[in-house]
Every structure is written in C-alpha cells, then in structure tokens.
Amino acid sequence: MASRESNPSLTTIHQEANLRAKAAIECLEAMRDGAEYKTEIVLPVDLIQRESTRKL
C-alpha cells in the first residue's frame, strides 16, 4: 500500500501468501515426521513496475 503512495511510486514484487504458507507447512510437517524436506524453496513472483523504475 505504501509503495503506491510514495513519490515516485515504488516498484515492488508480489508473491502469493498462500504459496508461502503451503511451503512452510509442508516443511514443518516433514520436520515433525523426520522426513527429508527442501532447504531451498523458489516460489514465483510478479514484478509490479511503477514510477521508481524507468528506461534510461
């Protein structure tokens, strides 16, 4: 929200919170069960370009 209201408006990234939560729960369940789990997780992000980035 604040990134839209700053001047110039800031470029940000967006990531689905439900994907982060799902990955966290899967890791916690694996730890609880003594199973292997990923130590590096890459989730998709969307770049939200605003006025703080521009072509030179």
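## Tyr37 and its surroundings

In this predicted model, Y37 sits in the loop that runs between α2 (17-33) and β2 (46-48). With a relative accessible area of 38%, Y37 is partly exposed, because the class covers residues that are neither under 20% nor over 50%. Once the neighbours within four places in sequence are set aside, the contacts of Y37 are C27, A30 and M31. A further distance concerns A23, which lies 14 residues away from Y37 along the chain, the C-alpha atoms of the two being separated by 10 Å.

## Arg20 in helix α2

R20 belongs to helix α2, and its relative accessibility of 41% makes it partly exposed. Leaving aside neighbours within four places in sequence, R20 is in contact with Q15 and L43. Of this pair of partners, L43 stands 23 residues from R20 along the chain, yet the C-alpha atoms of R20 and L43 are separated by 7.6 Å.

## The salt bridge

The structure holds one salt bridge, in which the side chains of D33 and R32 meet at 2.9 Å, taken from N to O. Both partners can be placed by their accessibility: D33 counts as exposed at 51%, and R32 is exposed as well, with a relative accessible area of 62%. The value of 51% for D33 puts that residue in the exposed class because the class begins over 50%.

## A nonpolar patch at the surface

I13, V45 and L47 together make a nonpolar surface patch of about 300 Å². Of these residues, I13 lies in strand β1, which covers residues 12-14, and L47 falls within the range 46-48 given for β2. I13 counts as exposed, its relative accessibility being 59%.

## The cis peptide bond

The peptide bond leading from N7 to P8 is cis, and its omega is near 0°. P8 itself is found in the loop between α1 and β1, where α1 is the helix of residues 2-5 and β1 the strand of residues 12-14.

## Fold and overall dimensions

The protein chain contains two helices and two strands, and these follow the pattern α-β-α-β when read along the sequence. Among contacts between residues at least 6 apart in sequence, 74% join residues that are at least 24 apart.

As for the dimensions, the radius of gyration of the protein chain is 17 Å, whereas a compact globule of 56 residues would have one near 10 Å. The C-alpha trace spans about 50 × 25 × 10 Å along its principal axes. Of the 56 residues, 11% count as buried, and the chain exposes about 5,200 Å², of which carbon and sulfur atoms supply 54%.

## Confidence of the prediction

The mean pLDDT of the protein chain is 90, with 95% of its residues reaching 70 or more. Among the elements, helix α1 (residues 2-5) has the lowest mean pLDDT, at 72, while α2 has the highest, at 96. For the residues discussed above, this places R20, a residue of helix α2, in the element with the highest mean pLDDT.

Terms used: Residues are numbered from 1 along each chain as its sequence is written. This is a predicted model: local features need pLDDT of at least 70, side-chain atom pairs count only at pLDDT 80 or more; totals for chains, interfaces and linings use all residues. Side-chain values use heavy atoms; hydrogens and water are left out. Helices (H or I, at least four residues) and strands (E, at least two) are DSSP runs, numbered from the N terminus. Buried means under 20% relative accessible area, exposed over 50%, partly exposed in between (1.4 Å probe, protein chains only). Contact means heavy atoms within 4.5 Å. Patches are made of residues with over 30% relative accessible area and no salt bridge: like charges are joined within 9 Å, nonpolar side chains (Val, Leu, Ile, Met, Phe, Trp, Tyr) within 5 Å. Accessible areas come from the Shrake-Rupley method with a 1.4 Å probe; for residues, only the protein chains shown count as cover. A salt bridge is a side-chain nitrogen of Lys or Arg within 4 Å of a carboxyl oxygen of Asp or Glu. The radius of gyration is taken over C-alpha atoms; the globule rule is 2.2 Å times the number of residues to the power 0.38. pLDDT is the predictor's confidence in each residue, from 0 to 100.
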